[in-house]
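Student: Please take a close look at the aromatic side chains here and at the packing that surrounds them. I would like one connected account rather than a list.

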Amino acid sequence: MSRLSNKIKIYFYSSFIAVALTTIVYILSFMFAFDTPIAYFSGNSPLPYIAKYLLIFTVVWIFTLFISIPKGKLCGTPPTVSELSRTASIAVSVGFIICSIFRLIFVPASALATICTAMTLLSSVFFALNAIFPRSQNNIRALFGIVVILWAAIAMTEAYVNRFVTMNSPIKILLMLSMMSVMFFMLYETRYLTERSLPRAYAVSTLIGICLSTVLSLTFIIMYITGTYTVPEFIPTAISALLFSFYEICRAVDFIALQSTQDTAATNDTDTAQENEQQ
């Protein structure tokens, strides 16, 4: 196995560990250092500071991939949609449909809420197409990939203008960062479908998406279940972010497998060429 394959695996697996640690510390911060009346962290606990700097460190570490892996070294072929990714696509598609129904029942009616509900429902089509046509219909999938980007943008806007949650609330900030990461990831996922791949950016967007969506979704869902802090309008977005994180993890596995396979093939070709020269 080549040094490049090893480097990719180190980046991805170390990022997974960092994301897990960051998520755990954020959950502890919201459980034991969150002042519910003001919806902000208590200044007497070190937990929120540890969580914040762990998150910053994880994001910076992921972005160093642009420095350590030279441009043009990664395979630009689209990662194969594995059976695991197809299963994740089905889960996300069904989840988006359920979230759109949830929104109709629990989210107060408004023009923005209606648009967001419609985009949530339409976003399910992208993942349904991924499950049904994993190796074809790329143009149609790319079109609905843009719909997912629009959904994330509208969900972020809806959270931003929510007047019942303070602007500097950590949960609102996490939600908006998560939606930005969804847009970032879907941009490069769509570029693969249109044969304009940027593999390094795809790798970074995948890991950033896993990080921010996992932190938001698990933290908010646990807060909601325990009754620590509840914002009904954010529940569909948090559930969608959790499902999206699962899909991104599956695509990360596909990406690692692709790079390993390409490196193995390149190594074999080099060895064969060297043997022929010696003969």
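Tutor: F34 and F41 are both buried, and they make a convenient place to begin, with the reminder that this is a predicted model. Within the structure there are 25 aromatic pairs, and F34 with F41 is one of them, with ring centres 6.0 Å apart and ring planes at 80 degrees to one another. Because planes over 60 degrees apart count as edge-to-face, that is the class given to F34 and F41.

A further edge-to-face pair is made by F127 and F244, whose ring centres are 5.6 Å apart and whose planes stand at 90 degrees. This pair joins distant parts of the chain, since F127 belongs to helix α5 (residues 111-132) and F244 to helix α9 (residues 235-278), with their positions 117 residues apart in sequence. F127 has a relative accessible area of 0% and therefore counts as buried, and F244, at 1%, is buried as well.

The surroundings of F244 extend beyond its partner ring. From its place in helix α9, and leaving aside neighbours within four places in sequence, F244 is in contact with V92, F96, F127, V148, V182, F185 and M186. Its C-alpha atom is also 8.5 Å from that of A88, although F244 and A88 are 156 residues apart along the chain.

On the side of F127, one residue to follow is S89, which lies in helix α4. S89 has a relative accessibility of 0%, so it counts as buried, and outside its neighbours within four places in sequence it touches F127, N130, A131 and Y247.

Turning to the nonpolar packing, nonpolar side chains in soluble globular proteins tend to be buried together. Here the largest nonpolar core has 75 residues, and W151 and M179 are the members with the most contacts inside it. At least two residues of this core come from each of α1 (3-32), α2, α4 (83-106), α5, α6, α7, α8 and α9, while the largest share, 13 residues, is supplied by α8. M179 touches W151, A152, A155, M156, T237 and A241, when residues up to four places away in sequence are not counted.

F41, one half of the pair described at the outset, leads on to a different kind of feature, a pocket. The largest pocket encloses about 320 Å³ of space, and of its 14 lining residues the closest to its centre are Y26, Y40, F41, K52 and P170. The elements β2 (40-41), α2 (47-63) and α7 (170-193) each contribute at least two residues to this lining. Sorted by class, the lining consists of 10 nonpolar residues, three polar residues and one charged residue.

For contrast with the buried aromatic rings, some loop positions deserve attention, beginning with two that have backbone angles to check. Q137, in the loop between α5 and α6 (138-160), has a phi near 55 degrees, which is a positive value in a residue other than glycine. Its relative accessible area is 37%, so Q137 is partly exposed. E195, in the loop between α7 and α8 (199-226), likewise has a positive phi without being a glycine, at about 60 degrees. With a relative accessibility of 72%, however, E195 counts as exposed.

The loop between α8 and α9 holds G227, which is exposed, with a relative accessible area of 53%. G227 and K73 are 154 residues apart along the chain, and their C-alpha atoms are separated by 48 Å. Set beside this, the C-alpha atoms of F244 and A88 are 8.5 Å apart for a separation of 156 residues in sequence.

Key. Residues are numbered from 1 along each chain as its sequence is written. This is a predicted model: local features need pLDDT of at least 70, side-chain atom pairs count only at pLDDT 80 or more; totals for chains, interfaces and linings use all residues. Side-chain values use heavy atoms; hydrogens and water are left out. On a 1 Å grid over the protein atoms alone, a cavity is a set of points where a 1.4 Å probe fits but cannot get out, and a pocket is an open set with protein on both sides within 12 Å along at least five of seven lines; lining residues have an atom within 4 Å of a point. Grid points are joined across faces, edges and corners, and a volume is the space filled by probe spheres set on the points. Helices (H or I, at least four residues) and strands (E, at least two) are DSSP runs, numbered from the N terminus. Ala, Val, Leu, Ile, Met, Phe, Trp, Tyr, Cys and Pro count as nonpolar, Asp, Glu, Lys and Arg as charged, and the others, Gly among them, as polar. Rings of Phe, Tyr and Trp (its six-membered ring) pair if their centres lie within 6.5 Å; planes under 30 degrees apart count as stacked, over 60 as edge-to-face and the rest as tilted. Buried means under 20% relative accessible area, exposed over 50%, partly exposed in between (1.4 Å probe, protein chains only). A nonpolar core is a set of buried Ala, Val, Leu, Ile, Met, Phe, Trp, Tyr and Cys residues joined through side-chain atoms within 4.5 Å. Contact means heavy atoms within 4.5 Å.
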